[in-house]
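Biologist: Hi, do you have a few minutes to go through this structure with me? I'd like to start with the strands and then wander a bit.

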Amino acid sequence: MAHSTRATLWTTAAATSLIVALTAPAFAQDAAADDVAGQTEMQTDQQSGTNETTPQKTTSADSDAGETTSDETAPMSGTMDRADADMARVLEALKALDPKPIPELAAEEARQQPTPADAVARVIEEDGLDVPEPAVTRQDITYPAAEGDQPARVYTPTDAGEGPYPLVVYVHGGGWAIADIDTYDASAASLADKLGAVVISLEYRHAPESPFPAAHDDVLAGYTWAVENGDQLNADVDRLALVGESVGGNMVVATAIAARDQQLTQPDHVVSVYPVAQTSLETESYVENAEAVPLNRAMMEWFFDQTVTDESQLDDARISLVDADLAGLPPITIINASIDPLLSDGMMLADAIEAAGGEVEQRTFDGVTHEFFGMAAVVEDAAAAQDYAVERVNADLGK
């Protein structure tokens, strides 16, 4: 399905160049990249409406996250020039794994491609790193999803006493079409360890075999089941959080909205990491990061094409969160990467939550890309982002 004015900025020739950019040349340094070295990270507290700078780094995108005009040409993103050294090391390892360009593949073949998690494992092996395992146990279970059982993995901390522990429902990314709980194992395990919480990582049906809203329905069903069965998970559902990455970051916010509307148990906190929050491919960060790795604009168009069966579904508030009723939600933390087409999405979502009177804090980590959050073993900012998420969640769990 082609997205007309919503998604298509480029001619056929330009689209071809984006697809080619997903292969090895996309990892090459680009002289046209913006020089963002030495900048400071900007933390935007959307609740207070003020910007605070810390003596670390800043985002290279403007805080208003405004859209560009359709006749602008997307600049080269210069991912390797803009990435911190540890992030660039992971990208080099990913390049060495020789992934095929996702937009040229059918979904089943796309699911077989090397992932950023595989690249992290390669860095650990090649550099001989001694990375301690999170202090957790893992148990694979199933839960009754919207239409049949789905897998889930329960992570229980081993250094946090006997429990019951706080409960975190975690939702992985993958554009609604690829990836699974194995791909995102590192994020869920690390959160369970650092939070001293039971984390249940939910699998869900994938598009295009099960198009929208199948994944959203499964995640809501999994959340409801986890809350109702906290006792058998050794979890205290009175201390409850939702955490998700990418499309998982989208679905945890959508789940909190559904819980409010259906008068279900509300989470105490929601962490949304580089979420999909709207469907225009013309935002500032989509243009700036049109050819970024590991996620770029052509891939996001492919993900949307896989997920919806009709373009009108892109306006559904479960996908376009910025158009949802965002009032009355629990506190929300939004984490973004500077080298990511979805940076503007996170900023726009934070603005929309603030406009609805909600409590939200958004922070952008510079020098890192989409998927960095689970790379704490080898990327310094990933560990910092996880610690930030843990701090924000614990503040609302009474710990």
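**Strands, helices and a few odd residues**

Modeller: Happy to! Let's begin with one pair: Tyr 165 has Ala 235 as its bridge partner in β7. Keep in mind that this is a predicted model.

Biologist: Good to know. How many bridges join β5 to β7, and which way do they run?

Modeller: There are 7 bridges between β5 and strand β7, residues 235-245, and the two run parallel.

Biologist: And which strand pairs with β5 over 5 bridges?

Modeller: That is strand β6, residues 198-202, which pairs with β5 in the parallel sense. One residue pair to look at there is Val 168, whose bridge partner in β6 is Val 199.

Biologist: Is β5 largely enclosed or open?

Modeller: Largely enclosed by the rest of the structure, because 7 of the 7 residues of β5, which spans residues 165-171, are buried.

Biologist: Which helix makes a β-α-β unit with β5 and β6?

Modeller: Helix α6, residues 185-195, and the unit is right-handed.

Biologist: How many residues of α6 are buried?

Modeller: The count is 8 of the 11, so α6 is also largely enclosed by the rest of the structure. Among the buried ones are Asp 185, Ser 187, Leu 191 and Leu 195.

Biologist: What do those buried residues pack against?

Modeller: The buried residues of α6 pack against β3, β4, β5, β6, β7 and α12. Just past the helix, Gly 196 takes a positive phi of about 60°.

Biologist: Let's change helix. Where does Ala 226 lie, and is it buried or exposed?

Modeller: Ala 226 lies in helix α7, residues 214-228. Ala 226 is buried, with a relative accessible area of 0%.

Biologist: Which residues is Ala 226 in contact with, leaving aside its neighbours within four places in sequence?

Modeller: Leu 167, Val 169, Ile 200, Leu 233 and Val 237. You can also check the spacing to Val 168: the two residues are 58 apart in sequence, and their C-alpha atoms are 9.2 Å apart in space.

Biologist: Nice. Now the pair α3 and α5: at what angle do their axes cross?

Modeller: The axes of α3 (residues 85-96) and α5 (residues 116-126) cross at roughly 105° and come within 8 Å. That makes α3 roughly perpendicular to α5.

Biologist: Which residues make that contact?

Modeller: On the α3 side they are Arg 89, Val 90, Ala 93, Leu 94 and Ala 96. On the α5 side they are Pro 116, Ala 119, Val 120, Arg 122, Val 123 and Glu 126.

Biologist: Time for backbone oddities. Where are the cis peptide bonds you flagged?

Modeller: One runs from Gly 163 to Pro 164, with omega near 5°, and Pro 164 is in the loop between β4 and β5. Another joins Ala 207 and Pro 208, with omega about 5°. Pro 208 sits in the loop between β6 and α7.

Biologist: What about Tyr 274, what is its phi?

Modeller: The phi of Tyr 274 is positive, about 30°, although this residue is not a glycine. Tyr 274 is in the loop between β8 and α9, and it counts as buried at 0% relative accessibility.

Biologist: And Glu 371, buried or exposed?

Modeller: Glu 371 has a relative accessible area of 18%, and buried means under 20%, so Glu 371 counts as buried. Its phi is positive too, about 80°, and it is not a glycine. You'll find Glu 371 in the loop between β10 and α12.

Biologist: Where is Asn 296 found?

Modeller: Asn 296 is in the loop between α9 and α10, and it is buried, with a relative accessible area of 0%. Asn 296 and Ile 339 are 43 residues apart in sequence, with 9.5 Å between their C-alpha atoms.

Biologist: Last one, the overall view. How many helices and strands are in the protein chain, and what share of residues is buried?

Modeller: The chain has 12 helices and 10 strands, and buried residues make up 60% of its 399 residues. Of the contacts between residues at least 6 apart in sequence, 76% join residues at least 24 apart. The chain exposes about 15000 Å², with carbon and sulfur atoms supplying 46% of that.

Methods: Residues are numbered from 1 along each chain as its sequence is written. This is a predicted model: local features need pLDDT of at least 70, side-chain atom pairs count only at pLDDT 80 or more; totals for chains, interfaces and linings use all residues. Side-chain values use heavy atoms; hydrogens and water are left out. Helices (H or I, at least four residues) and strands (E, at least two) are DSSP runs, numbered from the N terminus. Buried means under 20% relative accessible area, exposed over 50%, partly exposed in between (1.4 Å probe, protein chains only). Contact means heavy atoms within 4.5 Å. Accessible areas come from the Shrake-Rupley method with a 1.4 Å probe; for residues, only the protein chains shown count as cover. Two strands pair if DSSP finds at least two bridges between them. A crossover is right-handed if, with the strands pointing away from the viewer, the path from the first strand over the helix to the second runs clockwise. Axes are lines fitted to C-alpha atoms, for helices over the stretch in contact, and angles run from 0 to 180 degrees between N-to-C directions. Angles under 35 degrees count as roughly parallel, over 145 as roughly antiparallel, 65 to 115 as roughly perpendicular and the rest as oblique.
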